[in-house]
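The exercises below ask for readings of strand pairing, burial, loops and cavities. Each task is followed by a worked solution.

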Amino acid sequence: MLHKKSNIKKDEEKFVFRADSSSTPIFGSHESDVLLPRDKIGQKMMDPRIAYQLVSDEMMHDGNPRYNLCTFVQTYMEEEARKIMLDSMATNAIDKSEYPQTTEIEKRCVNIIANLWNANHQEDFMGTSTVGSSEACMLGGMAMKFRWRKRAQALGIDTTKQKPNLIVGSGYQVVWEKFCVYWDIEMREVPMTDINDLTMNPQKAIALCDDYTIGIVPIMGITYTGMFDDIVTLDKLLSQYNKSAKISVPIHVDAASGGLYLPFINPDLTWDFRLKNVVSISTSGHKYGLIYPGIGWVMWRDKQFLPDELVFEVAYLGDFEPTFQINFSRSGSQIWAQYYCFVRWGFEGYKAIHERTRDVGLFLAKGIKSLGLFDMINEGQNIPIICWTMNHRAQQEKHWDLYDLADRLRFNGWQVPAYPLPANFKDVSVMRIVVRADQSMEQMSLFLKDLKQAIKELDATNLVSHKRQSQEGKIVPVGYTH
């Protein structure tokens, strides 16, 4: 025993502290023993292996994107697509002469999308990539405002007498509210009036038009529910209105969700440039275009609908290629990724992916409906977005609500939002799942299993439901929107 103790002491005396080296374990390093910078940049450099591991570990506190059932954006791409994005990450999409092939690839994507949207080749269509569909909406709105002002001035309308206005349904995405604030536009909202048809009423939209209306924005894939506005009826009524109007009113279609889904799944549905008054369309490439977040597209049926004041030629970039984005320097990787998907999948591939996604959505809706607790608002027949609310019996019998259910589902990692509907139905709370290409039938069967278990646990729990005071003084459930 004494002999062993003596050896241990001799071993300890031999120990000499050494600084980190290439052989130092990451979690044996000095850097892993201190907090990462919060307010001030650190003083010393760090081994890249250690820096990567420590920063990567920070990501673990985010939710798993694949389990985020509320997000519209894609959370999976093939390894080859990721390589394409990495290879092109250093390109600057705005530098047309330095990266002419990126410019060429963007033009190819514009042409492909314009043809998917039935652009008339007798007209001179134009389009561009954007940072998500939000920038695409901004550009579409700006074009409508500038064109309205130019035409109004030519007709002798006093453009300073009152604000120009934009007409949207109350299921709009927040970008349209931002646009109206940023560009000093009056937003005229068409409230939802029928719980069984939560879309924009075309007749009421037309009734809001006047000489100061820059345009009407119907939505193909309403953020709250996934439903479609009736653009065919809107276009027909607008044609009648424009016959006698002093200044005609155009349509911009917000097809963030449906724009790269419907051409493959329901090509006969008329909503695009086949309609006379649809002058511009915006969409997200990172939704059903199957690209990681960060890209959108906007198209105009003819260059006359994109005022010259919004098109710039920047000489110091080495070329006079016109540009009309709001954002400037950004990586070309998203453009290359979109083109990769067009090349990789083709029409048949996109159709197969979206059909399978639709099938998963229908399976999910059927499973939720079978529980007998919910009224289905959208079951995924039009687009794979599933939306439901608690039925009257469940509201009366259960001591929990959808917000409690959303919290309980988070225990298993599932992120599913619960939120109130917009104007006229703010007292109605719903849940929504956006079914994406990376969500298999097996994954949704696991979700249904966890959903049933969450309901069982809520039924057995003495729960104080979350409540908050609304601005109007009414008690409403606490939720979060996406």
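**Exercise 1: strand E7 and its partners**

E1 and E7 run antiparallel and are joined by 5 bridges. The model is predicted: local features need pLDDT of at least 70, side-chain atom pairs count only at pLDDT 80 or more, and totals for chains, interfaces and linings use all residues. Residues are numbered from 1 along each chain as its sequence is written, and side-chain values use heavy atoms, with hydrogens and water left out.

Task: state which residues of E7 stand opposite Thr-128 and Ser-284, and say whether the faces of E7 are covered or not.

Solution.
Step 1. Strands (E, at least two residues) and helices (H or I, at least four) are DSSP runs, numbered from the N terminus. Two strands pair if DSSP finds at least two bridges between them.
Step 2. On the E1 side, Thr-128 stands opposite Val-298 in E7.
Step 3. E6 also runs antiparallel to E7, with 5 bridges joining the two. Here the bridge partner of Ser-284 is Gly-296 in E7.
Step 4. Buried means under 20% relative accessible area, exposed over 50%, and partly exposed in between (1.4 Å probe, protein chains only). In E7, 5 of the 5 residues are buried. Gly-296, Val-298 and Trp-300 lie on one side, Trp-297 and Met-299 on the other, and both faces are covered.

**Exercise 2: the open sheet around E11**

Task: give the strand order of the sheet that holds E10, E11, E12 and E13, then place E11 and helix H10 in it.

Solution.
Step 1. The order is E10-E11-E13-E12, an open sheet of 4 strands with antiparallel pairing. Strands E10 (374–379) and E12 (418–420) are the edges, as each pairs on one side only. From one strand to the next, the twist averages 30°; axes are lines fitted to C-alpha atoms, for helices over the stretch in contact, and angles run from 0 to 180 degrees between N-to-C directions.
Step 2. Helix H10 (residues 333–369) packs on this sheet, touching E10, E11 and strand E13 (429–434). Its direction makes about 165° with that of E10. Contact means heavy atoms within 4.5 Å.
Step 3. E10 pairs with E11 (residues 385–390) in the antiparallel sense over 5 bridges. Phe-374 stands opposite Met-390 in E11, and Glu-379 stands opposite Ile-386. The hairpin of these two strands has 5 residues between them, and in it Gly-380 takes a positive phi near 90°.
Step 4. E11 is joined to E13 by 4 bridges, again antiparallel, with Ile-385 opposite Val-434 in E13.
Step 5. In E11, 6 of the 6 residues are buried. Ile-385, Cys-387 and Thr-389 point one way, whereas Ile-386, Trp-388 and Met-390 point the other way.

**Exercise 3: three loop residues**

Task: locate Asn-118, Leu-290 and Thr-160, and class each as buried, partly exposed or exposed.

Solution.
Step 1. Asn-118 lies in the loop between helix H4 (100–116) and strand E1 (126–130). Its phi is near 60°, a positive value in a residue other than glycine. With a relative accessible area of 32%, Asn-118 is partly exposed.
Step 2. Leu-290 is in the loop between strand E6 (278–284) and strand E7 (296–300). Phi of Leu-290 is also positive, near 75°. Leu-290 counts as buried because its relative accessibility is 7%.
Step 3. Thr-160 is found in the loop between helix H5 (132–154) and strand E2 (165–169). Thr-160 counts as exposed because its relative accessibility is 66%. The C-alpha atoms of Thr-160 and Arg-149, 11 residues apart along the chain, are separated by 9.9 Å.

**Exercise 4: the second largest cavity**

Task: describe the volume and the lining of the second largest cavity.

Solution.
Step 1. A cavity is a set of points on a 1 Å grid over the protein atoms alone where a 1.4 Å probe fits but cannot get out; lining residues have an atom within 4 Å of a point. Grid points are joined across faces, edges and corners, and a volume is the space filled by probe spheres set on the points.
Step 2. The structure holds 3 cavities of 30 Å³ or more. The second largest has about 50 Å³ of space.
Step 3. Its lining residues include Tyr-172, Val-190, Met-192, Ile-219 and Asp-229.
Step 4. By class, the lining has 6 nonpolar, 4 polar and 1 charged residues. Ala, Val, Leu, Ile, Met, Phe, Trp, Tyr, Cys and Pro count as nonpolar, Asp, Glu, Lys and Arg as charged, and the others, Gly among them, as polar.

Key:
1 Å grid on protein atoms, 1.4 Å probe; cavity = no way out; pocket = protein on both sides within 12 Å on 5 of 7 lines; lining within 4 Å.
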